[in-house]
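Could you walk a newcomer through this structure, one feature at a time?

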Amino acid sequence: MNRRSFLQQTGRQALGLAVLPLAAQAAAPAATSRQRVLRAAHLTDIHVQPGLGAPAGMAAALRHAQGLADRPDLILFGGDCIGDALENPRESVLEQWAVWDRVLAAELHLPACQCLGNHDIFGWKMRGRPGVEQDALYGKTSALERLGLKSSFYSFDRAGWHFVVLDSMQIDGSNQGYIARLDEAQFAWLEHDLATTPSATPVCVLSHIPILSAASFFDGDLATTGNWIVPGAWMHIDARRIKDLFYRHPNVKVCLSGHLHMEDDVTYLGVRYLCNGAVCGGWWKGKNQQFGPAYAVIDFYADGRVDHQMVTFTPPPV
Ligand SMILES: [Zn+2]
């Protein structure tokens, strides 16, 4: 199936989900510096699947976000759209994506952009098993096609802000199957993208895995050796290199992420790093530690400021 027929089959073309419509809608408003120019809802880690009330929960989250009295202009999806493709059989993965497609087609009514998550990648934890790496679903390609993305990293302009969407996951021999970093090609692309963005244009970076996070210290018992050991799959292992790059571009103002199903708000060297919980909370089984199902609302201002709030919602009872 080619990409065009795929999009038509899933009905996603009509929703304007691809990146190009977003870019086409971009318009620099005549804004005063203190003026809010954009309101976005960041929905990450939905982990939809057929069971656990996840389809109704995903629908409830989308209705909640799009039903706010002060309605967002844009939905930023943060990745981990489905339960898991890293180590589930292809039939299960296709079933999960079918639920994603169905709920999105029925419930999404705003412009949106997509970001790849680790659990959207097929087979990386099943490498070596017969047929896995030969499967047409293997790796990132089929997930990107599902999400209507030509590349796993890209940027666009909207309302006077520049948005950069990163691909945090590189294949790795660890237990997780991936490590959180940018490969050389993506880092070079990011350097170039920031260098060619006007210095007066504020930048928002969206990644699935946090570049810098306080919550990552509490994801598991990471202090048993007497040292804090944060796995490279929890938080970008190349955070030092990225924060040094951001330091050369003071117009980088805010970084949004998910992945940990926990929430934090860390400001470092003038950049605000927001880890925005999980729509599914604890994988549709209540809370993860102290954090229940939630999404973020971010208000973007012309002068580069952002306001941020976490919004909780209650999934329908199963
Ligand atoms: Zn994740």
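The dialogue below goes from the whole chain to single residues.

Q: Where should I begin, and how many helices and strands does the protein chain have?

A: Begin with the kind of model, since this one is predicted. The secondary structure of its protein chain comes to seven helices and 13 strands, and buried residues make up 45% of the 318 residues. Among the contacts with a separation of 6 or more, 72% are made by residues 24 or more positions apart.

Q: How do I read a sheet, and in which order do the five strands of the open sheet lie?

A: A sheet is read by listing its strands in order and then looking at how they pair. Here the order is S3-S2-S1-S12-S13, and the pairing is mixed. At the edges are strand S3 (112–113) and strand S13 (306–312), each of which pairs on one side only. Inside this order, strand S1 (residues 36–43) and strand S2 (residues 74–77) pair in the parallel sense over four bridges, with Ala41 standing opposite Ile75 in S2. Helix H3 packs on the sheet, where it touches S1, S2 and strand S12 (294–301), and its direction makes about 170 degrees with that of S1.

Q: What does a hairpin look like here, and in which sense do S4 and S5 pair?

A: Strand S4 (residues 154–158) and strand S5 (residues 161–165) pair in the antiparallel sense over five bridges, and the bridge partner of Tyr154 is Val165 in S5. Two residues lie between the strands of this hairpin, and Ala159 takes a positive phi near 55 degrees.

Q: How do I read a helix, and why do the buried residues of H4 line one face?

A: One can look at the span of a helix, then at which residues are buried, and then at what they pack against. Helix H4 (residues 90–107) has 18 residues and reaches 26 Å from its first C-alpha to its last, close to the 26 Å expected at 1.5 Å a residue. Its buried residues are Val93, Gln96, Trp97, Trp100, Val103 and Leu104. Seen down the axis of H4, these buried residues fall within an arc of 130 degrees, so they line one face of the helix. The face turned away from that buried side carries the exposed residues Glu91 and Ala106, while the buried residues of H4 pack against helix H3 (54–66) and helix H5 (141–146).

Q: What do the buried residues of H3 pack against?

A: The buried residues of H3, including Met58, Ala61 and Leu62, pack against S1, S2, H4 and S12.

Q: Is Ala60, which is in helix H3, buried or partly exposed?

A: Ala60 is partly exposed, because 18 other C-beta atoms lie within 10 Å, whereas a buried residue needs 20 or more. Leaving out residues up to four places away in sequence, Ala60 touches Phe313, Pro315 and Pro316. The C-alpha atoms of Ala60 and Pro316 are separated by 7.4 Å, although these residues are 256 residues apart along the chain.

Q: What is the idea behind a nonpolar core, and which residues touch the most other members of the largest one?

A: In soluble globular proteins, nonpolar side chains tend to be buried together. The largest nonpolar core here has 85 residues, of which Leu43, Ile75, Cys204, Leu206 and Phe300 touch the most other members. Its largest share, six residues, comes from S12. Apart from neighbours within four places in sequence, Cys204 is in contact with Trp161, Phe163, Lys253, Val254, Leu256 and Phe300.

Conventions. Residues numbered from 1 in each chain as written. Predicted model: local features only at pLDDT ≥ 70, side-chain atom pairs only at ≥ 80, totals over all residues. Expected span 1.5 Å × (residues − 1). Buried ≥ 20, exposed ≤ 12 C-beta atoms within 10 Å, placed from the backbone. Arc of directions from axis to C-beta. Contact = placed C-beta atoms within 7 Å. Pairing = 2+ DSSP bridges. Axes fitted to C-alpha atoms, helices over the stretch in contact; angles between N-to-C directions. Core = buried A, V, L, I, M, F, W, Y, C linked by C-beta atoms within 7 Å.
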